[in-house]
Amino acid sequence: MKRDSDSGGEGRPSVVPTISQVAKASGVSRATVSRAFSRPEMLTEETVRRVKEVAGKLGYVPNQVARALSTGRHGNVALIVSDVANPFFPPLIRAAQLRADQAGLCVFLGNSDEDPAREELLVGRFIGQVEGLVLASSRLDEERIRRHATRRPLVLINRDIEGITRVLIDTAPGVAAAIAHLAELGHRHIAYVSGPTTSWSNQQRRNAVRREAEKRGLKVIAVPARPPSYDTGRLAATQIVASGVTAAIAFDDLVAQGLMAGLAALDVEVPKSFSVVGCDDVLGETTYPPLTTVSARCADAGDVAVGLLLSQMNGGVSGEIRHKLNSHLVIRASTGPAPLKRRGR
């Protein structure tokens with residue numbers, strides 16, 4: 001009795017479609033089919049579209065292992081983020097994956113959980129299987145990052161190391177605008193709820209707060225929220241209220257959301273009695289009240305970083321590329337006039 005898989009019936013076909021069949025059906029060479037999946041930038045968009053359409057109809061899937069053995073190209077890139085649970089990263093990851101998909105590449109995703117030792121472990125696991133690396137908000141020391149950059153094309157997001165391609169979200173202008181906004185509302189004593197000490201973004205935001213506050217004659221205190229999370233933001237509320245400040249700028253939206261929950265538990269009403277500003281604009285419209293925050297173009301960062309990585313992988317310029325993305329303040333309902341009885345403290 002014949003099995004379905006041998007009979008051409010409803011079972012799985014016994015013969016896997018080959019690259020030669022795709023080439024014949026597409027009217028192109030085997031090399032062109034290979035390039036359509038591995039080096040699409042070398043072909044016209046119409047040729048790539050036709051080859052992939054035929055491949056889809058035939059059920060052809062490129063053999064990544066065979067490709068790696070014959071060409072040295074794995075068809076994979078790695079993206080390692082510092083905290084996959086932070087709402088900042090999903091839009092970045094989605095945009096990076098879309099850009100990689102368009103180039104026929106798979107994305108290996110790693111989450112370091114703010115731990116440089118784990119990040120180093122992930123790089124070690126990935127580096128033999130990928131053609132390039134994107135490190136987002138890396139917590140590795142500079143020496144290790146430079147060493148990895150000699151082994152594979154590498155792009156950093158929100159880490160500023162000279163000589164290595166990086167994409168930087170410049171939130172300093174948005175943070176300065178937030179301080180100006182609070183000053184105009186009468187706030188004279190403000191807290192910055194800080195993130196990780198090794199974070200480039202945290203350093204930029206903290207410095208921007210200090211510079212703008214000094215320029216406007218405002219008093220600023222720093223309150224840590226480490227690691228940055230909803231819980232650390234919530235727990236910081238007691239210390240912040242006891243300090244006598246009337247407003248706070250949080251390292252990111254997640255910390256700001258936690259802070260607002262902590263303030264609510266203390267019966268401190270936002271924005272009537274206290275104003276809160278976040279950073280990143282990934283939760284702003286979903287909090288209550290809607291959060292005033294600094295936009296941080298996280299999706300653009302993912303897209304641009306993979307684009308720069310692809311350029312390196314295909315022989316383009318590497319090294320001293322410093323791509324900056326600007327930011328701006330988005331004013332919503334979590335900021336209001338400083339309470340009269342506490343102004344000028």
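# A walk around the model, starting at helix α9

Start with helix α9: 10 of its 13 residues are buried, so this helix is largely enclosed by the rest of the structure. Buried here means under 20% relative accessible area, exposed means over 50%, and partly exposed is in between (1.4 Å probe, protein chains only). Helices (H or I, at least four residues) and strands (E, at least two) are DSSP runs, numbered from the N terminus.

Before you click further, bear in mind that this is a predicted model, where local features need pLDDT of at least 70, side-chain atom pairs count only at pLDDT 80 or more, and totals for chains, interfaces and linings use all residues. Residues are numbered from 1 along each chain as its sequence is written, and side-chain values use heavy atoms, with hydrogens and water left out.

**Stop 1: helix α9**

Select residues 172–184. From first C-alpha to last, α9 reaches 18 Å, close to the 18 Å expected at 1.5 Å a residue; the expected span is 1.5 Å times one less than the number of residues. Now colour the buried residues, among them Val 175, Ile 179, His 181 and Leu 182. What covers the buried residues of α9? Show β6 (189–194), α10 (200–216), β8 (247–250), β9 (275–280), β10 and β12 (329–330), which are included in that cover. Then step just past the end of α9 to Gly 186, where phi is positive, at about 95°.

**Stop 2: Ser 295 and its surroundings**

One of those covering strands, β10, is a good next selection. Strand β10 covers residues 292–295, and Ser 295 is found in it. Is Ser 295 buried or exposed? Ser 295 has a relative accessible area of 7%, so it is buried. Leaving aside neighbours within four places in sequence, its contacts (heavy atoms within 4.5 Å) are Thr 171, Asp 280, Asp 281, Ser 327, His 328 and Val 330.

Pick Asp 281 from that set of contacts. Asp 281 sits in the loop between β9 and β10 and has a positive phi of about 55°, although it is not a glycine. With a relative accessible area of 26%, Asp 281 is partly exposed.

**Stop 3: the empty spaces**

Asp 280 is also one of the residues nearest the centre of the largest cavity, together with Phe 88, Phe 89, Ser 137 and Phe 251. On a 1 Å grid over the protein atoms alone, a cavity is a set of points where a 1.4 Å probe fits but cannot get out, while a pocket is an open set with protein on both sides within 12 Å along at least five of seven lines; lining residues have an atom within 4 Å of a point. The largest cavity has a volume of about 140 Å³, a volume being the space filled by probe spheres set on the points, with grid points joined across faces, edges and corners. Its lining of 16 residues divides into four nonpolar, six polar and six charged. For these classes, Ala, Val, Leu, Ile, Met, Phe, Trp, Tyr, Cys and Pro count as nonpolar, Asp, Glu, Lys and Arg as charged, and the others, Gly among them, as polar.

Next, select Pro 40, Glu 41, Gln 102, Ala 103 and Leu 310, which lie nearest the centre of the second largest pocket. That pocket has a volume of about 170 Å³. Helices α6 (89–102) and α14 (298–313) each give two or more residues to its lining, which has five nonpolar, three polar and four charged residues.

**Stop 4: loops with a twist**

Head for the loop between α13 (253–265) and β9, where you'll find Pro 271. A cis peptide bond joins Val 270 to Pro 271, with omega about 5°. Asp 267 has its place in the loop between α13 and β9 too; phi there is near 60°, and Asp 267 is exposed at 72% relative accessible area. For another cis bond, go from Arg 226 to Pro 227, where omega is near -10°. Pro 227 lies in the loop between β7 (219–224) and α11 (230–235).

**Stop 5: cysteines, then zoom out**

How many disulfides are in the whole structure? Zero turn up, counting a pair of cysteine sulfur atoms within 2.5 Å. Select Cys 279: its sulfur is 12 Å from the closest cysteine sulfur, in Cys 298, so that is too far for a bond. Cys 279 is buried, at 0% relative accessibility.

Finally, show everything: 14 helices and 12 strands, with a C-alpha trace spanning about 85 × 50 × 35 Å along its principal axes. Of the 345 residues, 52% count as buried.
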